[in-house]
2 protein chains.
Amino acid sequence: MSKRPADPANGSVPAARQVPMRDFSRSLPMSLLRAREAVMRQFRPSLREHGLTEQQWRILRALAAIEAVEVTELARTAFLLGPSLSRILRDLEARNLIERKTAKADQRRSMVSISKEGVKLMAAVAPTSEAIYAEITRRFGARKLAELQEMLGELEHSLAGLRSADDTLAEG
Amino acid sequence: MSKRPADPANGSVPAARQVPMRDFSRSLPMSLLRAREAVMRQFRPSLREHGLTEQQWRILRALAAIEAVEVTELARTAFLLGPSLSRILRDLEARNLIERKTAKADQRRSMVSISKEGVKLMAAVAPTSEAIYAEITRRFGARKLAELQEMLGELEHSLAGLRSADDTLAEG
DNA sequence: CGCATTCATTTAACATGTTAAGTATCTCCG
DNA sequence: CGGAGATACTTAACATGTTAAATGAATGCG
């Protein structure tokens, strides 16, 4: 309560605006951003101790469950854009946490897999990570958590086909 | 539907792991990230047309509802870290979208406000932005949207006091 | 008053997000 | 088979996220 700054919706609002816009602190993007930050804040210190960023950890986790993947599919799985993934893979490879080899059939494709060292690092991080997740679940409630995830999935789904006019142009 | 890559939870999983970890594509951070991205994807093209990034838009919106704020409070309101805000304010000032003046009582503080040009730009962007938000609301459902935001707020709240061991050390 | 401490903001350094362009490879059709 | 177009990935360029350190100004206390 007292944490929030003086609520800008009340008090003396200057004549700066005509159109009444939603108090932006309650907009959906902000709600999602704050919620995600609240969650990630719990994980970052532990990851940091192991020299991993959130995204690097995402990649390792994605790789741990699979033999090898093409970069493009890994990007989808870890929800990273190509350029970000490209940079991160370069660094992870330099740290010997992953391995790469070009596909035989298609020289363009590169198959990525987690290395033995990568597996070891995951094993070191996973317990803490799981404990944090468990604590979050405990605090928020397992049922509510499931409900929330369900709603998030629906939101994502309901916007899947929505594209702005700009995108439509770029369709070709 | 067909957009999602082959579900990594099925198929041949190598012996890479001992500890069964949640399929990470269903972890809470990923759910939140994907949901937020689905939402922001709708807004970015419109903002881009006006030469604004998501964060710049957040700042303008925060400023529009208030006379002037200190940088630190603006950071809280727009949910940006100090360094990010500092850079963005420098750029927005160069574009004459905001104004700054150091506080009289405390030379350290800088009071930020939106400029006349900034107001004009907001007026140009707001209609499209509101229309997009309305469409999102229509698709997802107003009631469900309210529920979702409620849950997100609860999640944030339930993690407010949770701090990892690392943070505790830094308390002093 | 003098100075160590705190505070507000900025700068620095590195990592990622985002879009556009580049490179190498493959595919397919004439 | 050969070159236009598609595809997989990388590089480039700019903006932000993130943490640490620096700078400049206020505060408190001896």
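**Helix H5 of chain B and the two DNA strands**

In this predicted model, helix H5 of chain B runs over residues 116-140, and its 25 residues reach 35 Å from the first C-alpha to the last, close to the 36 Å expected at 1.5 Å a residue.

User: What makes B:Val125 the site of a bend in H5(B)?

Analyst: The bend at a residue is the angle between axes fitted to the seven residues ending there and the seven starting there, and at B:Val125 this comes to about 35 degrees, with a proline, B:Pro127, following within four residues.

User: Why is B:Tyr133 called buried?

Analyst: The word is used for a relative accessible area under 20%, computed on protein chains only, and B:Tyr133 is listed as buried in H5(B), as are B:Leu121, B:Met122 and B:Ile136, among others. The buried residues of H5(B) pack against H1 and H6 of chain A, and also against H1, H2, strand S3 and H6 of chain B.

User: How do you know that B:Ser115 caps the N-terminal end of H5(B)?

Analyst: A side-chain oxygen of B:Ser115 lies 3.3 Å from the backbone nitrogen of B:Glu117, and a polar contact requires N or O atoms within 3.5 Å, so the pair qualifies by distance. Just after the helix, B:Gly141 takes a positive phi of about 105 degrees.

User: What makes the approach of B:Arg100 to DNA strand C a polar contact?

Analyst: A polar side-chain atom of B:Arg100 lies 2.5 Å from a phosphate oxygen of DNA strand C, which falls within the 3.5 Å limit. The limit also admits B:Arg109, with a polar side-chain atom 3.1 Å from a phosphate oxygen of this strand, and A:Gln107, for which a backbone N or O atom lies 2.7 Å from a phosphate oxygen.

User: How many charged residues does the surface near DNA strand C have?

Analyst: Asp, Glu, Lys and Arg count as charged, and by class this surface has 11 charged, 8 polar and 6 nonpolar residues. Its largest share, 4 residues, comes from H4(A), while 68% of the atoms of DNA strand C within 4 Å of the protein belong to sugar or phosphate.

User: Which atom of B:Ser84 lies 2.8 Å from a phosphate oxygen of DNA strand D?

Analyst: It is an N or O atom in the side chain of B:Ser84, and corresponding side-chain distances to a phosphate oxygen of DNA strand D are 2.9 Å for A:Arg44 and 3.0 Å for A:Ser86. H4(B) gives the largest share of the surface near this strand, 4 residues.

Methods. Residues are numbered from 1 along each chain as its sequence is written. Chains are lettered from A and ligands numbered from 1 in the order in which they are written. This is a predicted model: local features need pLDDT of at least 70, side-chain atom pairs count only at pLDDT 80 or more; totals for chains, interfaces and linings use all residues. Side-chain values use heavy atoms; hydrogens and water are left out. The expected span of a helix is 1.5 Å times one less than its number of residues. Buried means under 20% relative accessible area, exposed over 50%, partly exposed in between (1.4 Å probe, protein chains only). Contact means heavy atoms within 4.5 Å. A polar contact is a pair of N or O atoms within 3.5 Å; within protein, one must be able to donate a hydrogen and the other to accept it, and residues adjacent in sequence count only if both atoms are side-chain atoms. A residue is near a molecule or strand if one of its heavy atoms lies within 4 Å of it.
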